[in-house]
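Me: I'd like to learn how to read a structure like this one, feature by feature. Could you walk me through it?

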Amino acid sequence: MNQKNKVFIATSLDGYIADRNGEIDWLLSLPNPENDDMGYKEFIAQIDALIMGRNTFEVVCGFDTWYYEKHVFVLSNSMTEIPANFRDKATLVKGNLNDILDEIHEKGYHNLYIDGGKTIQSFLKEDRIDEMIITLIPYLLGGGISLFGDLTKTLEFEAVDTKIFLNTIVQNHFVRKR
Ligand SMILES: NC(=O)c1ccc[n+]([C@@H]2O[C@H](COP(=O)([O-])OP(=O)(O)OC[C@H]3O[C@@H](n4cnc5c(N)ncnc54)[C@H](OP(=O)(O)O)[C@@H]3O)[C@@H](O)[C@H]2O)c1
């Protein structure tokens, strides 16, 4: 069975996914006159479900509209239940990442979108990320929530594609070399 864990995320030039206040307004307010989705629809079409960290889940719950057509698994050891109005859209998961993945695969979800900084870092620590599409916004935020963190070994990726959007945003697609 083909099972892949994929990242699709935007970072600042200095590698942050949110600013010092945990905000992403610098990202949401990017001038984008033709609403270019920068490959998001094409990416999400290949995805069966998402796994996102609690912090990212809390951010997206606060948006005016629910963003995802695919089911969301929320990683949290502190939440006891998904808020009532999101229960048809999201499921709480906790525990060991490899066990969580087995459980999600058994439910028939094989290609997974992994989202949230700490969450992506945990998956990388277990070497369970297969692809990363990283959209680089040319702002230096000077601090914030990092996409990457410590690892105990080097993980080698191959760059398979680069695209430029709006003449200013570079998107790189990396695949784990195994
Ligand atoms: N730039 C972008 O494209 C982009 C994309 C996504 C998110 N964001 C931003 O990133 C921020 C959230 O990222 P984040 O790094 O703070 O956190 P996150 O990965 O969204 O959430 C982390 C939380 O998930 C829970 N968790 C449970 N098991 C875990 C495990 N094995 N590994 C990791 N987390 C686990 C923990 O919550 P408990 O304490 O409940 O256990 C942990 O505190 C938000 O500001 C969001 O807006 C930006």
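Reply: Gladly! Let's begin with a loop: N167 is found between β9 (157-165) and β10 (169-176). Keep in mind that this is a predicted model.

Me: What is the phi of N167?

Reply: Phi is a backbone angle, and its sign is the thing to look at. N167 has a positive phi of about 60°, although it is not a glycine.

Me: Is N167 buried or exposed?

Reply: Here you count C-beta neighbours. N167 has 5 of them inside 10 Å, so it counts as exposed.

Me: Which residue just after α5 takes a positive phi?

Reply: That is D127, with a phi of about 55°. D127 is not a glycine either, and its place is the loop between α5 and β7 (131-137).

Me: Why does D127 count as partly exposed?

Reply: The same kind of count applies. Because D127 has 13 C-beta neighbours inside 10 Å, and a residue is exposed at 12 or fewer and buried at 20 or more, D127 falls in between.

Me: Let's step back into the helix. Which residues of α5 are buried?

Reply: For a helix, list the buried positions and then ask where they point. In α5 the buried ones are G117, T119, I120, F123 and L124. They lie on the same side of α5, because the arc they cover around the axis is only 165°.

Me: And on the other side of that loop, how does β7 pair with other strands?

Reply: For strands, look at the direction and the number of bridges. β1 and β7 run parallel and are joined by seven bridges; one of the pairs to look for is T11 with L136 in β7. With β10, β7 pairs in the antiparallel sense, over six bridges. There you can find E131, whose bridge partner in β10 is V175.

Me: Now the ligand. Which residues come nearest to it?

Reply: Start from the shell of residues and then pick out the nearest. There are 26 residues around the ligand, and G53, T56, G116, G117 and S122 come nearest. You have met G117 already, as one of the buried residues of α5.

Me: Which helices and strands each supply at least two residues of the shell?

Reply: Two helices, α3 (54-61) and α5 (117-125), do so, along with the strands β1 (4-12), β2 (16-18) and β3 (49-53).

Me: How many residues of the shell are nonpolar, polar and charged?

Reply: Sorting by class gives 12 nonpolar, 11 polar and three charged residues around the ligand.

How values were computed
Residues are numbered from 1 along each chain as its sequence is written. This is a predicted model: local features need pLDDT of at least 70, side-chain atom pairs count only at pLDDT 80 or more; totals for chains, interfaces and linings use all residues. A residue is near a molecule or strand if its C-beta atom, placed from the backbone, lies within 6 Å of it. Helices (H or I, at least four residues) and strands (E, at least two) are DSSP runs, numbered from the N terminus. Ala, Val, Leu, Ile, Met, Phe, Trp, Tyr, Cys and Pro count as nonpolar, Asp, Glu, Lys and Arg as charged, and the others, Gly among them, as polar. The arc is that of the directions from the helix axis to the C-beta atoms. Two strands pair if DSSP finds at least two bridges between them.
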